[in-house]
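Got a few minutes to look around a protein chain? Here's a short briefing to read with the picture open.

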Amino acid sequence: MTSRTPRDSRLRLVRPRPLAAAPRAVAQGRSRRPAPRPPEGTPPPAELAGMARAGLAGAARVARWADRSLGPGRDVATSDGKGTLSDTTAERAAADLGLSVAQVRADWDTARLAGLVEVHGDIARPGWRLRAWNRDDSAVLRGWVALFDAWSLAYPEPADREHAAVAEVVSAMPQVLSFLQLSAGPVPVEQLLDLLEQRVTELRTERCEIHYVPPVAPHPYEAQLRATPAGPRTAPGQYPGEEPVEDTPLAPLLDWALDALASVGALTCADGQATLTPLGSWAVWVKLEQICVAAQSPAGNIEQNAEDMLRGCAGLRPNAARAEYRAWLAARPVGSAVTELLDAARGEDALLRGLAFEALRVVGAPAEPDVRAAAEETALRPYALIWLAEQEGTDPEDAHEVLTREEATWLWVDTAAAVADHGEAPLLVRHLESAVQPTVPALLDEVRAVGHPRTVQVLVALAAAHPDPALAKAVRRAAFQVHTGGS
């Protein structure tokens with residue numbers, strides 16, 4: 001006779017992993033694109049990394065000083081919460097390192113852009129690249145590429161130029177850099193200016209910002225009227241009463257862009273000609289390859305919205321899914337891609353919630369402000385806190401420890417919902433092992449208290465899947481009590 005008392009079944013405690021919820025692993029027999037080779041003459045990675053270390057030596061020195069001198073419980077690094085080095089800290093660093101305050105600030109900003117230092121509020125932490133700086137060439141090169149991507153932030157933009165014009169030049173420079181890379185040698189600045197002007201014109205045309213005046217039949221006396229000296233003169237194609245169109249000269253902005261790129265070590269300028277450095281040429285080639293990868297989306301989801309893309313990745317193995325995320329992200333501005341992924345995470349499908357945060361792991365640091373804001377939302381909070389912990393250097397196996405008991409229980413239910421919707425019954429049973437509670441009764445009590453909207457469905461599915469009749473009965477009773485609001 002079966003006992004009516006639920007068994008106190010002990011659960012084996014295991015570390016809950018950052019759950020993207022049990023994707024259906026299926027073998028994908030796709031032919032792989034052969035690994036691309038950099039252009040002939042490109043130095044080997046070890047040599048490129050040596051160049052990057054030399055160029056970032058000052059930034060690494062300041063980052064190491066910050067690691068030693070700005071540890072927990074010591075003076076804060078910044079005063080505005082935006083990463084700007086405080087006066088007191090800058091003066092201390094200058095005295096300790098034998099540098100000027102201005103040089104310390106410049107090296108600090110470079111260290112932040114290269115990921116050697118990470119600033120969270122008024123606290124600075126060493127970036128993971130700093131830890132790997134002397135032993136991992138790929139970490140060094142990634143840091144330099146991060147600096148290269150942020151070239152427009154590394155050098156003050158002209159104060160007397162319109163922000164819109166500066167933004168246009170920044171948007172047009174990838175084409176200029178591609179031309180420099182394909183030229184594989186010095187290019188006259190005048191030729192680059194022509195190319196820049198063409199690209200800016202294309203950008204304005206794409207946004208429909210070119211002023212268009214519909215043609216009208218000429219007046220019989222138009223030629224005579226235009227030849228008359230009386231009245232204000234007008235530019236060709238401009239009619240009386242129209243405001244003159246004032247184009248911002250692009251030559252000074254091109255000079256600024258070239259100076260900024262030279263300041264990060266991407267190119268050199270001399271005798272009216274610009275030439276990419278080996279590092280600059282390699283970085284541009286890397287960017288072009290990323291575009292090619294995006295154009296050859298591994299699973300064909302590049303044109304889909306975030307929700308459909310994530311659904312398309314649900315059946316992929318982790319490495320294949322990450323390749324798909326990279327391709328999808330490479331084809332979109334980072335800001336809009338992050339927004340779209342978080343919107344997908346807010347939906348009812350818990351599987352997409354987990355996958356969205358896996359895709360955000362591929363985005364990395366640029367997603368941090370939006371993820372930090374998402375941590376205020378109940379449904380996203382556990383995922384966001386784990387993401388932020390990993391971003392700050394916590395081992396992924398230990399990141400779950402930042403969660404409270406209630407947050408961990410919410411995540412357990414959410415993941416169970418994903419498994420119930422998309423997985424198999426044995427997987428749902430095994431999911432019991434990841435609960436933080438030591439016993440089934442304790443788990444059921446806390447699951448009922450946490451208030452997850454899918455609690456009833458999860459418990460019903462678990463009861464149907466579990467082979468232990470007594471435990472299944474207890475779970476069904478808990479589901480009924482949640483459904484009826486009883487105790």
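The notes below go from model confidence to one helix, then some strands, then a single arginine.

Keep in mind that you're looking at a predicted model. Averaged over the chain, pLDDT comes to 77, with 78% of the residues at 70 or more.

**Where to be careful**
- Residues 1–33 have pLDDT under 50 throughout, and the model gives this stretch 73 contacts beyond four places in sequence.
- Another stretch with pLDDT under 50 is residues 209–246, where the model has 13 contacts beyond four places in sequence.

**Helix 3 and its two sides**
- Helix 3 spans residues 87–97, and its buried residues are Thr89, Ala90, Ala93, Ala94 and Leu97.
- These buried residues sit on the same side of helix 3, because they cover an arc of only 135 degrees around the axis.
- Here's the handy rule behind that kind of pattern: an α-helix has 3.6 residues a turn, so residues three or four places apart point the same way.
- Flip to the other side of helix 3 and you'll find Asp87, Thr88, Glu91 and Ala95, which are exposed.
- What covers the buried residues? Helix 2 (57–69) and helix 4 (101–113) are included in the cover over helix 3.
- Gly98 comes just after helix 3 and has a positive phi of about 70 degrees.

**Strand 5 and its partners**
- Strand 5 covers residues 273–276, and its side chains alternate.
- Ala274 and Leu276 point to one face and are buried, while Gln273 and Thr275 point to the other face and are not buried.
- Strand 4 (residues 267–270) runs antiparallel to strand 5, and four bridges join the two.
- One of the buried residues of strand 5, Leu276, is the bridge partner of Leu267.
- Between strand 4 and strand 5 the hairpin has two residues, and Asp271 in this hairpin has a positive phi near 55 degrees.
- Strand 3 (residues 187–188) also pairs with strand 5, in the antiparallel sense and over two bridges.
- Opposite Val187 you'll find Ala274 of strand 5.

**Zooming in on Arg199**
- Look for Arg199 in helix 8, which runs over residues 189–206.
- Is Arg199 buried or exposed? Its relative accessibility is 18%, so Arg199 counts as buried, given that the cut-off is under 20%.
- The side chains of Arg199 and Glu202 are joined by a polar contact of 3.0 Å.
- Leaving out residues up to four places away in sequence, Arg199 touches Ala172, Gln175 and Glu206.

Note on methods: Residues numbered from 1 in each chain as written. Predicted model: local features only at pLDDT ≥ 70, side-chain atom pairs only at ≥ 80, totals over all residues. Heavy atoms only, no water. Buried < 20%, exposed > 50% of the residue type's maximum accessible area, 1.4 Å probe, protein only. Polar contact = N/O pair within 3.5 Å; in protein donor to acceptor, adjacent residues only side chain to side chain. Contact = heavy atoms within 4.5 Å. pLDDT = per-residue confidence, 0-100. Arc of directions from axis to C-beta. Pairing = 2+ DSSP bridges.
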